[in-house]
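Biologist: Could you take a close look at the cross-links in this one, meaning the disulfides and the salt bridges? I'd like the geometry and the burial together.

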Amino acid sequence: MINIKPALTFIALTLAGGSALAANADPHVEGSLVLTMDKGMLEGNLCVSGLAEADEYEFLLNRGLNLRAIRSSPDGDPLAYQGFFNAVSEGDATRYSVSGLFPEQSLCVEYVGAYPIYDVDAGERSTIDWKGQIAFDGSTVRATEQARFYPVPIDPVSGAPLQRVTFDIHVSCSTCNAIYIGGSAPVVGQHRARFQSTDPRALLLYAGSFPVLSTDDAHFLGAEVSPKVSVAINQEVVRIARTLERFLGIEYDERPALLSFASVSREHQLGEVDWAFLTWPTIALSGRRPFAALMEEQDGELQLTPDKQMLISHEMAHYFFGGRYMPRGPLVNFLLESTAEFLALQVIRELDGDARYEAQLGLHYQEVASSEMVPMDQVERAPQLSGDFPFRIGPLLLVVLAERIGEDVLMRALSKLVLESPRDPVNYADFRSRLLAAGANEKILKSYEKDCFLESVAASCLKDRFSSNAGGNH
């Protein structure tokens, strides 16, 4: 979750880790959710199956959701569990544990919780809003995988949350005119809807009263969009997808859904797209603003505005890094966000030319010119690559790397990561070995590391390559 900057937009993607499940499968979630919009209430009765064998099973559930029972089947007897006394918080959730389950059984969790309702249209606001909040805005409810509104099991081997799931979920809401779970088509005009996916997804729920338009498997939710604008946006999405396909040599076979929502925070006003997040395949934009605001007219044709082109390109790159390949380990932020931003920059160069590309690189550098950084080959923990690194420094390092070892070599290494999708944690030594396997020259790679892996941006190769761009020479 991030704030959108005038020069460039980017969105943070929450990691969905791999699993130790049999045959490397992802868990399956099945059951029901009930929404009571005028009370801010969410009720769930969901079963998680496909779990690996373990003596004890742990899962995460939002802190505002109260457990009624945990069972081994929908109609089984309640099981004893831990987590209610001396509760352990993890992000926006509480960690629970239960024993006595067999691998062929399910982890069935029944729960209920009530949340504040902020009537955004009447001017009510919270102080903050974030991706991990279960947010009722007076007309809709929004919940994502980060909110843990469904039980998210913990991998018993790695300890990673397994938030990517296949699902078969019924959602009931007596006052909703539209209901949506990401990865399945929205349902309009029904108060009870069934959502299914055999493709593993991190889940996003959006329900309430809001406009919906679906065309050619593309969905526009939450704000008005004309057929003309929807066609133009779809054309831009296809153009970006085909460009990414050419870079990586991997077919892009899914389109993102676009969601415009109202933030409940007073920091994000209606009509202003100044905050965004992504739960693939849904790109969510704050402001509840008509989708025409993403576009501008050039030479008689509607095109994405430059900042929105960068936004959509970055998020569509997450189809590969964050969708098909879920990185883990100390380089997770680099492999999720730096790769997506690097690919978005290449899209800009391909579609708009070198002048805009170099100008965008200069803007990136200008934001981090005085920043410190951790040398990549010294990174041991994911939090070491946070702040400006994933979205600014990391992409610039990849640009220089491509120029040193060859763009074709780097794209080959990135493509193989996506195709192989390793479930083991990746550190720099692993990434380096993949570069060499893709054809990088050892001597050139060592020279790059010597020049670029330093403790400040100003002392590194980035200054030599990008400082003139920041000075306005491009």
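Modeller: Here's a walk through the disulfides, then a few of the salt bridges. Bear in mind that this is a predicted model, where local features need pLDDT of at least 70 and side-chain atom pairs count only at pLDDT 80 or more, while totals for chains, interfaces and linings use all residues. Residues are numbered from 1 along each chain as its sequence is written, and side-chain values use heavy atoms, with hydrogens and water left out.

Disulfides to begin with: there are 3 in the structure, taking a disulfide as a pair of cysteine sulfur atoms within 2.5 Å. Cys47 pairs with Cys108 at a sulfur separation of 2.1 Å. The torsion about that S-S bond is about 110°, so the Cys47 and Cys108 link is right-handed. Because Cys47 sits in strand 3 (residues 41-49) and Cys108 in strand 9, the pair ties together parts 61 residues apart in sequence; helices (H or I, at least four residues) and strands (E, at least two) are DSSP runs numbered from the N terminus. Cys47 and Cys108 are both buried, where buried means under 20% relative accessible area, exposed over 50%, and partly exposed in between (1.4 Å probe, protein chains only).

Next, the sulfurs of Cys173 and Cys176 are 2.0 Å apart, and a torsion of about 70° makes this disulfide right-handed. Both Cys173 and Cys176 are buried. Cys452 and Cys461 also form a disulfide, with sulfurs 2.0 Å apart, and theirs is right-handed with 120° about the S-S bond. Cys452 is buried at 1% relative accessibility, and Cys461 is buried at 6%.

Now the salt bridges, meaning a side-chain nitrogen of Lys or Arg within 4 Å of a carboxyl oxygen of Asp or Glu. The count comes to 26. One of them joins Glu58 to Arg95, with the closest N and O atoms 3.0 Å apart. That pair links distant parts of the chain, with Glu58 in strand 4 (residues 56-62) and Arg95 in strand 8 (residues 93-99), 37 residues apart. Glu58 is partly exposed, at 26% relative accessibility.

Strand 9 turns up again with Arg71 and Glu110, whose side chains meet at 3.0 Å, N to O. Arg71 is in strand 5 (residues 66-71) and Glu110 in strand 9 (residues 107-114), 39 residues apart. Arg71 is buried at 14% relative accessibility, and Glu110 is buried at 19%.

Finally, Glu442 and Arg432 form a salt bridge at 2.9 Å, N to O.
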